[in-house]
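Okay, thanks for squeezing me in, everyone. Have a look at the screen while I talk you through this one.

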Amino acid sequence: MLSMKRSRTISGDIMIGVQMDLISEEKMAAMTAMEKIRLILDGVKDGKIIVLERGLTPTEEAKLIEMTMTEITPEDFPGIEIESYPSSQNQKLIDRIFRKPVVRTRLTVIGPANQLKTLKKDRDLISALVSSQ
Amino acid sequence: MGLIKRVKKNFSSIFKNLFKKKTAKIGIYGPPNAGKTTLANRIIRDWTGDAMGAVSNVPHETRRARRREGVTIESNGSKVTLDIVDTPGLATKIDFHEFMAHGLEEEEAKRRAKEATEGIIEAVKWLDDLDGVILVMDATEDPFTQVNVTVIGNMEARKLPLLIAANKIDLPESSPARIRSAFPQHPLVPISALEGQNIDALYEEIADHFG
């Protein structure tokens with residue numbers, strides 16, 4: 001896997017570094033679960049760090065883990081590092097009885113396991129290290 | 001989903017809780033080396049006299065889900081019969097070098113890594129077929145791992161019962177309180193699956209929670 005990318009910026013400069021893709025809630029909302037997972041895995045396998053504004057649902061996260069396992073190769077792709085804040089649900093009694101549970105997903109960071117390392121994580125903070133190899 | 005269907009579904013769930021069934025399929029989940037198989041062995045041994053599977057310090061020792069049917073647990077006047085599924089440790093990455101660091105030869109490490117990925121897929125698929133989960137967390141580790149967040153999120157989204165076993169309290173650096181403050185919405189029992197510490201409290205909670 002290529003860990004460092006040589007890219008041309010919007011201003012035309014050539015820079016070498018780790019590419020980060022920050023994906024909006026709106027873009028993800030228009031995609032199916034499999035499209036989201038494909039987008040993430042293709043990006044991560046290309047050495048990118050993917051930041052999702054609204055994260056994935058718990059079911060999508062489980063599916064992402066499953067798909068990642070099918071794509072692991074010993075020499076090239078050891079898997080992903082994924083960090084998201086715990087999701088929350090509508091908690092009012094009236095909501096629980098009459099409405100479909102709404103899972104509030106939150107910001108999620110995903111990257112190649114050999115480049116993204118979590119340093120510290122709690123309910124509202126994710127601290128991570130991005131390495132160049 | 002329409003309003004009537006949603007109301008029906010939610011009332012059905014409430015009635016199911018009121019008239020609790022006496023058999024449930026329970027998965028033992030958690031990250032590698034949290035003590036899942038040690039706990040499964042402890043439960044099976046205590047209530048049937050058998051054992052579930054081998055344990056070791058090398059991660060991903062359990063690479064196939066194992067099910068033991070009809071384990072009856074009685075505690076504090078409550079009785080529950082469970083099908084217990086011991087699942088491979090969930091992870092988002094598998095690096096064969098990690099197994100080599102535990103003394104395995106390269107070929108053996110790669111084979112184990114391949115089997116571990118298959119085991120994780122199996123564990124994820126089992127999530128669709130369970131009535132509840134015992135999530136085993138290593139009480140000496142940071143509780144906010146992605147595996148814990150994902151398993152808890154899935155159980156909450158499916159409205160299925162979850163019980164946290166804060167394992168390894170026999171170790172001085174363990175902190176079940178850290179886990180409790182991270183996930184206060186779920187019942188938690190601090191245990192040592194290895195030493196059997198506080199295991200009766202876990203059985204009481206299992207009978208109450210999954211009965």
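So, strand S3 of chain A and strand S4 of chain A, residues 49–52, run parallel, paired over 4 bridges. If you want a spot to click on, take Met20(A), which sits opposite Ile49(A) in S4(A). One thing to keep in mind throughout: this is a predicted model.

That pair belongs to an open sheet of 4 strands in chain A, ordered S3-S4-S8-S5, and the pairing in the sheet is mixed. Which strands stand at the edges? Those are S3, residues 20–23, and S5, residues 80–84, and each has a single partner strand, so one side of each has no neighbour in the sheet. From one strand to the next, the twist averages 15°.

Let me zoom out on chain A for a second. You have 4 helices and 10 strands there, and if you read along the sequence the pattern goes β-β-β-α-α-β-α-β-β-α-β-β-β-β. Of the 133 residues in chain A, 28% are buried. Now take the contacts in chain A with a separation of 6 or more: 64% of those come from residues 24 or more positions apart.

Next, the strands S9 and S10 of chain A. S9, residues 116–122, pairs with S10 in the antiparallel sense, over 6 bridges. The two make a hairpin, with 2 residues between them. Here the residue to click on is Lys117(A), whose bridge partner in S10(A) is Leu129(A). And how many of the 6 residues in S10(A) are buried? The count is 0, so to speak, for residues 125–130: this strand is hardly covered.

Right, over to chain B. Its open sheet has 6 strands in the order S2-S3-S1-S4-S5-S6, again with mixed pairing. S2 and S6 of chain B are the edge strands, each with a single partner, so each has one side left without a neighbour in the sheet. Ignoring direction, neighbouring strands in this sheet are turned by 25° against each other on average. Within the sheet, S1 of chain B, residues 23–29, pairs with S3 of chain B, residues 78–86, in the parallel sense over 6 bridges. There you can find Ile28(B) opposite Asp86(B) in S3(B).

What packs on that sheet? H2(B) does, touching S1, S2, S3, S4 and S5 of chain B, and its direction makes about 55° with that of S2(B). Then there's helix H5 of chain B, residues 146–157, which lies across S1, S4 and S5 of chain B and runs at about 160° to S4(B).

Last topic, backbone angles. Most residues other than glycine have a negative phi. Two residues in chain B are worth pulling up here. His60(B) isn't a glycine, yet has a positive phi of about 65°. You'll find His60(B) in the loop between helix H2, 36–48, and strand S2, 66–75, of chain B. Asn198(B) also has a positive phi, near 65°, and Asn198(B) lies in the loop between strand S6, 188–190, and helix H7, 199–210, of chain B.

So is His60(B) buried or exposed? Buried, because His60(B) has 21 C-beta neighbours inside 10 Å, and the cut-off for buried is 20 or more. Asn198(B) has 16 other C-beta atoms within 10 Å, which means Asn198(B) counts as partly exposed.

That's my tour, happy to take questions.

Conventions. Residues numbered from 1 in each chain as written. Chains lettered and ligands numbered in written order. Predicted model: local features only at pLDDT ≥ 70, side-chain atom pairs only at ≥ 80, totals over all residues. Buried ≥ 20, exposed ≤ 12 C-beta atoms within 10 Å, placed from the backbone. Pairing = 2+ DSSP bridges. Contact = placed C-beta atoms within 7 Å. Axes fitted to C-alpha atoms, helices over the stretch in contact; angles between N-to-C directions.
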